[in-house]
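Thank you for making room for this on the agenda. I would like to take you through one chain, with the model on the screen, and to stay with what can be read from its coordinates.

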Amino acid sequence: MTLRNIKILFSLLFPLAAASGAVLAQSDDSPGARFATADANRDGSTTRAEWESYRMSQFDRVDRNRDGFISAADVPRFLQNSDRAQKLQDTIRHLDQNGDAKLSRAEFTNAPALGFEKYDLNKNGVIDPLEREAAR
Ligand SMILES: [Ca+2]
Ligand SMILES: [Ca+2]
Ligand SMILES: [Ca+2]
């Protein structure tokens with residue numbers, strides 16, 4: 001696999017990390033790290049709104065063919081047998097709620113499996129710094 005392919009692949013699966021320049025070195029994809037990335041105003045807390053807009057922008061980048069769904073069709077042909085493609089398939093299986101083998105915007109953005117509710121320990125709609133640490 002060429003470096004160019006790896007970069008394309010990386011930007012497909014980790015769009016925000018690639019965009020922010022935290023390229024392949026960024027290996028921390030714990031929920032805590034994702035909450036930190038989603039903290040748009042950098043005040044240390046991640047609100048529900050910040051989380052949703054973070055997920056929305058991820059969705060838009062992964063939905064390469066812009067059909068409003070994340071599916072196998074969004075993986076370029078040359079990557080279709082790669083581990084990363086497999087990982088995307090696993091993600092789809094994991095978050096797909098209506099069993100149509102693709103992710104709608106709502107399934108992707110509000111997936112309970114991603115744990116906003118789970119890590120919002122005091123249920124106030126904000127992941128505060130302590131909760132973020134606990135999620136790492
Ligand atoms: Ca914030
Ligand atoms: Ca799509
Ligand atoms: Ca679905």
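I will begin with confidence and overall layout, then turn to two helices, the cores, and a few individual residues.

Please keep in mind throughout that this is a predicted model. The mean pLDDT of the chain is 83, and 78% of its residues reach 70 or more. There are stretches to treat with caution, among them residues 6–10, where the pLDDT stays under 50 and where the model has 7 contacts beyond four places in sequence. Another is residues 16–26, again with pLDDT below 50, and for this stretch the model shows 9 contacts beyond near neighbours in sequence.

As for the layout, the secondary structure comes to 8 helices and 4 strands, and if you read along the sequence you will find them in the pattern α-α-α-β-α-β-α-β-α-α-β-α. Of the 136 residues in the chain, 18% are buried. If we take the contacts with a separation of 6 or more, 50% of them are between residues 24 or more positions apart.

Let me turn to helix α3, which covers residues 31–38 and in which Arg34, Phe35 and Ala38 are buried. Looking down the axis of α3, we find these buried residues within an arc of 100°, and so they line one face of the helix. That fits a rule you all know: an α-helix has 3.6 residues a turn, so residues three or four places apart point the same way. What covers them? The cover over the buried residues of α3 includes strand β1 (46–47), helix α4, strand β4 (126–127) and helix α8 (129–134).

Helix α4 is part of that cover, and it deserves a look in its own right. This helix has 15 residues and reaches 21 Å from its first C-alpha to its last, which is close to the 21 Å expected at 1.5 Å a residue. Its buried residues are Trp51, Gln58, Phe59 and Val62, and, seen down the axis of α4, they fall within an arc of 105°, so that here too one face of the helix is lined by buried residues. On the face turned away from that buried side, α4 carries the exposed residues Ala49 and Asp60.

Now to the cores, and which residues make up the largest nonpolar one? It has 8 residues, namely Phe59, Val62, Ile70, Val75, Leu88, Ile92, Leu103 and Phe108, and helices α4 and α5 (83–95) each supply at least two of them. A second, separate core has 6 residues, including Phe35, Ala38, Trp51 and Ile127. As general background, nonpolar side chains in soluble globular proteins tend to be buried together. To look at one member of the largest core, Ile92 touches Ile70, Ser71, Ala101, Lys102 and Leu103, if we do not count residues up to four places away in sequence.

Ala101, one of the residues that Ile92 touches, has a positive phi of about 65° although it is not a glycine. You will find Ala101 in the loop between α5 and β3 (103–104), and it counts as exposed because 12 other C-beta atoms lie within 10 Å. Arg42 also has a positive phi without being a glycine, in this case of about 55°. Arg42 lies in the loop between α3 and β1, and it counts as exposed because it has 7 C-beta neighbours inside 10 Å.

Staying with α5 for a moment, Ala85 lies in this helix and is partly exposed, with 19 other C-beta atoms within 10 Å. Leaving aside neighbours within four places in sequence, Ala85 is in contact with Val75, Leu79 and Gln80. Its C-alpha is 6.7 Å from that of Val75, although the two residues are 10 apart in sequence.

Arg64, in the loop between α4 and β2 (69–70), is partly exposed, with 13 C-beta neighbours inside 10 Å. From Arg64 to Asp74 it is 10 residues in sequence and 5.3 Å in space, C-alpha to C-alpha.

Finally, where is Glu117? Its place is in helix α7, residues 116–119, and it is exposed, with 12 other C-beta atoms within 10 Å. Glu117 and Arg48 are 69 residues apart in sequence, while their C-alpha atoms are 9.4 Å apart in space.

Terms used. Residues are numbered from 1 along each chain as its sequence is written. Chains are lettered from A and ligands numbered from 1 in the order in which they are written. This is a predicted model: local features need pLDDT of at least 70, side-chain atom pairs count only at pLDDT 80 or more; totals for chains, interfaces and linings use all residues. Helices (H or I, at least four residues) and strands (E, at least two) are DSSP runs, numbered from the N terminus. A residue is buried if 20 or more other C-beta atoms lie within 10 Å of its own, exposed if 12 or fewer, and partly exposed in between; C-beta atoms are placed from the backbone. The arc is that of the directions from the helix axis to the C-beta atoms. Two residues are in contact if their C-beta atoms, placed from the backbone, lie within 7 Å. A nonpolar core is a set of buried Ala, Val, Leu, Ile, Met, Phe, Trp, Tyr and Cys residues joined through C-beta atoms within 7 Å. The expected span of a helix is 1.5 Å times one less than its number of residues. pLDDT is the predictor's confidence in each residue, from 0 to 100.
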